[in-house]
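Trainee: Could we go through this model together? I would like to see how each label is earned.

Mentor: Gladly; ask away once you have had a look.

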Amino acid sequence: MKRSKAEKKARLLAKAEELVDEYLVWEESNPRPDLTQIEEIALKLRKELGKEIGQMALEEQAERRPVPGPKCAECGQEMHYKGEKSNQVESRVGGLEMERGYYYCPTCRAGLFPPG
């Protein structure tokens, strides 16, 4: 489902506010941090915000179910749509949950989770 720009902004601002609160709690409990500790919290919070943006971008992909179904790489027949499936993908921003259409070739018993 496509979200409006305002809905996406609200989601990201809520996450940013959560991370700012986390930083402020950390700051109170670390009154004299060294540079390594400062870098660790900054990188941790940056990673969490990046992961949220990456997850939202995946959810917003417009093309999830190509029509007709893709051709099987083995036999060339059209693959059958089997519904939405979740898949955990490790990306540069961290683990992301991806939900996309899943296709299956009953002849070759091959599955496909587009785009690849």
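**Overall form**

Mentor: Let me start with the overall dimensions: a compact globule of 116 residues would have a radius of gyration near 13 Å, whereas this protein has 20 Å. Keep in mind that this is a predicted model.

Trainee: What box do the C-alpha atoms of the protein fill along the principal axes?

Mentor: The box is roughly 65 × 30 × 15 Å. As for the surface, about 8400 Å² is accessible, and carbon and sulfur atoms own 54% of that. Of the 116 residues, 23% count as buried.

Trainee: Which elements does the protein have, and in what order do they run from the N terminus?

Mentor: There are two helices and three strands, and their order is α-α-β-β-β. Among contacts between residues at least 6 apart in sequence, 48% join residues at least 24 apart.

Trainee: How far apart are the mean positions of the positive and negative charges of the protein?

Mentor: They are 8 Å apart, taken over 20 positive and 21 negative charges.

**The two helices**

Trainee: Why is Lys15 called buried?

Mentor: Its relative accessibility is 16%, and buried means under 20%, so Lys15 earns the label. Lys15 sits in helix 1. Leaving out neighbours within four places in sequence, Lys15 is in contact with Glu48, Leu49 and Glu52.

Trainee: What makes Glu52 buried?

Mentor: The cut-off is again under 20%, and Glu52 has a relative accessibility of 18%, so Glu52 counts as buried. Glu52 belongs to helix 2, which covers residues 35-59. Beyond residues up to four places away in sequence, Glu52 touches Arg11, Leu12 and Lys15.

Trainee: Why is Glu7 called partly exposed?

Mentor: Partly exposed is the range between the under 20% of buried and the over 50% of exposed. Glu7 has a relative accessible area of 45%, so partly exposed is the right term. You will find Glu7 in helix 1, which spans residues 5-29.

Trainee: How do you know that the side chain of Glu7 makes a polar contact with the backbone nitrogen of Ser4?

Mentor: A polar atom of the Glu7 side chain lies 2.7 Å from that nitrogen. A polar contact needs a pair of N or O atoms within 3.5 Å, so the distance of 2.7 Å meets that limit.

Trainee: And what makes Gln37 partly exposed?

Mentor: Gln37 has a relative accessible area of 31%. That value is neither under 20% nor over 50%, so Gln37 is placed in between. Gln37 is part of helix 2, and its contacts, leaving aside neighbours within four places in sequence, are Trp26, Asn30 and Arg32.

**Loops and strands**

Trainee: Why is Met79 called buried?

Mentor: Met79 has 4% relative accessibility and the limit is under 20%, so the label buried follows. Met79 lies in the loop between helix 2 and strand 1, the latter being residues 80-91. Not counting residues up to four places away in sequence, Met79 touches a list of residues including Gly69, Pro70, Cys72, Tyr103, Tyr104, Ala110 and Leu112.

Trainee: How far is Met79 from Tyr104 in space, C-alpha to C-alpha?

Mentor: The distance is 5.3 Å, although the two are 25 residues apart in sequence. For Met79 and Ala110, 31 residues apart along the chain, the C-alpha separation is 8.8 Å.

Trainee: What makes Ala110 partly exposed?

Mentor: Ala110 has 21% relative accessibility. Buried would require under 20%, so Ala110 counts as partly exposed. Ala110 is found in strand 3, and among its contacts outside four places in sequence are Met79 and Tyr103.

Trainee: Why is Arg109 called exposed?

Mentor: Exposed means over 50%, and Arg109 has a relative accessible area of 69%, so the term applies. Arg109 lies in the loop between strand 2 (94-105) and strand 3 (110-112).

Trainee: What is the phi of Arg109?

Mentor: Arg109 has a positive phi of about 60°, although it is not a glycine. For background, most residues other than glycine have a negative phi.

Conventions:
Residues numbered from 1 in each chain as written. Predicted model: local features only at pLDDT ≥ 70, side-chain atom pairs only at ≥ 80, totals over all residues. Heavy atoms only, no water. Helix = DSSP H or I, 4+ residues; strand = E, 2+ residues; numbered from the N terminus. Rg over C-alpha atoms; globule rule 2.2 N^0.38 Å. Buried < 20%, exposed > 50% of the residue type's maximum accessible area, 1.4 Å probe, protein only. Contact = heavy atoms within 4.5 Å. Areas by Shrake-Rupley, 256 points an atom, 1.4 Å probe, with all protein chains shown as cover. Lys, Arg positive; Asp, Glu negative; His and termini not counted. Charge placed at Lys NZ, Arg CZ, Asp CG, Glu CD. Polar contact = N/O pair within 3.5 Å; in protein donor to acceptor, adjacent residues only side chain to side chain.
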